[in-house]
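Colleague: I am new to this structure and should be grateful for a close look at a single part of it. Please take one strand as the starting point and work outwards from there.

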Amino acid sequence: MRRVDVWVAAADEPVGQPAGPGVLDVIERARFDALTHAPTARAYLALHTLARQVVGSIIGAPAHAVRFDRTCPVCRGPHGRPTVIDHPGLHLSLTRTSALVGLAVTTVGAVGIDVEQVSAATFVGFDEVALHPGEREPGGLPTGRGGRANATMWVRKEAALKALGTGLRTDPATVRTPPTGIPTVVVPGTEPLTVTDLVLPGAAARTHVAAVAVAGASAEVVMNGARPPR
């Protein structure tokens, strides 16, 4: 069975023990220490703690001992898509806003997850930044879409681009929004991906949207509780 496990939690929700900056590695701690906006820092810590606890539970290691490789394929800097050292068959993707954090983990292939606030997709000029020319109204007229529709298109694209490993190095305005549940070539010359919209828990469903993309055919998407397995 093809399966993608997803965790979505409030950024200020306890995610288990151990918690706090001490669970982070040197690279994560440096980034955390550089964040001066408190909600952003809180979300960063919650997300990376969650990722370490989930991956640790899968590979049988303490959260602080999980080793990630983040080498960027372009510049070789430590800010690329994270992979788990010594576990190449385990694929993961991370996402956060100041209010929510999300994690997708699978063994079926490359994966991407994205979560976004609906209100963040209502700015003037969204169409030019986020939409393929074929998705815009002729003559630049307002499309009449609401923020939820805009945000849904955005998270589907970003989840797909994360799964491809390029992220926003690929201009989202150069690709069409992938449909859900259908294997689709999002960027010419790359492998097909299947995108699934996520049903977010509780009040988050009113304020946020999210999507996950996985290489190849569709997979069962399992929404887990905020706390990782023990």
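Modeller: This is a predicted model, and the part chosen here is strand β5. Both of its faces are covered. On one side L100, G102, A104 and T106 are buried, and on the other V101, L103 and V105 are buried as well. The strand spans residues 100–106, and since 7 of its 7 residues are buried, β5 is largely enclosed by the rest of the structure. The cut-off behind that word is a relative accessible area under 20%.

The neighbours of β5 within its sheet come next. Strand β1, residues 3–10, runs antiparallel to β5 and is joined to it by 7 bridges. Two pairs of residues place this contact along the strand: A10 has L100 as its bridge partner in β5, and V4 stands opposite T106. Strand β4 also pairs with β5 in the antiparallel sense, here over 6 bridges. In this pairing L92 has V105 as its bridge partner. β4 and β5 form a hairpin, with 3 residues between them.

These pairings belong to an open sheet of 4 strands, in the order β4-β5-β1-β9, whose pairing is mixed. β4 and β9, the latter covering residues 220–224, stand at the edges with a single partner strand each, so one side of each is left without a neighbour in the sheet. From one strand to the next, the twist averages 20°.

A helix covers part of this arrangement. α2 packs on the sheet and touches β1, β4 and β5, and its direction makes about 25° with that of β5. One residue of α2 that can be followed in detail is A43. A43 has 0% relative accessibility and therefore counts as buried. Apart from its neighbours within four places in sequence, A43 is in contact with A11, R96, T97, S98 and V101. V101 is itself one of the buried residues of β5. As a point of reference for distance, A43 and A121 are 78 residues apart in sequence, and their C-alpha atoms are 20 Å apart in space.

Strand β4 and helix α2 also lead to an open space in the model. The largest pocket holds about 720 Å³ of space. Elements that give two or more residues to its lining are α1 (26–34), α2 (38–59), β4 (91–96), β6 (111–117) and α4 (147–164). β4 gives the most, with 5 residues. In total 29 residues line this pocket, and H79, G80, P82, L94 and K162 lie nearest its centre. Sorted by class, the lining has 12 nonpolar, 8 polar and 9 charged residues.

Two of the elements just named, β6 and α4, lead on to another sheet. It is an open sheet of 3 strands in the order β6-β8-β7, and its pairing is antiparallel. β6 and β7 stand at the edges, each with a single partner strand, so one side of each has no neighbour in the sheet. The twist here averages 15° from one strand to the next. Helix α4 packs on this sheet, where it touches β6, β7 and β8; the direction of α4 makes about 155° with that of β6. Within the sheet, β7 and β8 pair in the antiparallel sense over 5 bridges, and T196 has V212 as its bridge partner in β8.

Both residues of that last pair reappear around an enclosed space. The whole structure contains 1 cavity of 30 Å³ or more, and the largest cavity has a volume of about 40 Å³. Its lining consists of V4, T194, T196, V212, A213, V214, S218, A219 and V221. β7 (193–197) and β8 (208–215) each supply at least two residues of this lining, and β8 gives the most, with 3 residues. By class, the lining has 6 nonpolar and 3 polar residues and no charged ones.

The cavity also returns the description to its starting point. V4, which is among the lining residues, stands opposite T106 in β5, and T106 is one of the buried residues of that strand.

Note on methods. Residues numbered from 1 in each chain as written. Predicted model: local features only at pLDDT ≥ 70, side-chain atom pairs only at ≥ 80, totals over all residues. Heavy atoms only, no water. 1 Å grid on protein atoms, 1.4 Å probe; cavity = no way out; pocket = protein on both sides within 12 Å on 5 of 7 lines; lining within 4 Å. Points joined across faces, edges and corners; volume = space filled by probe spheres on them. Nonpolar A, V, L, I, M, F, W, Y, C, P; charged D, E, K, R; others polar. Buried < 20%, exposed > 50% of the residue type's maximum accessible area, 1.4 Å probe, protein only. Pairing = 2+ DSSP bridges. Axes fitted to C-alpha atoms, helices over the stretch in contact; angles between N-to-C directions. Contact = heavy atoms within 4.5 Å.
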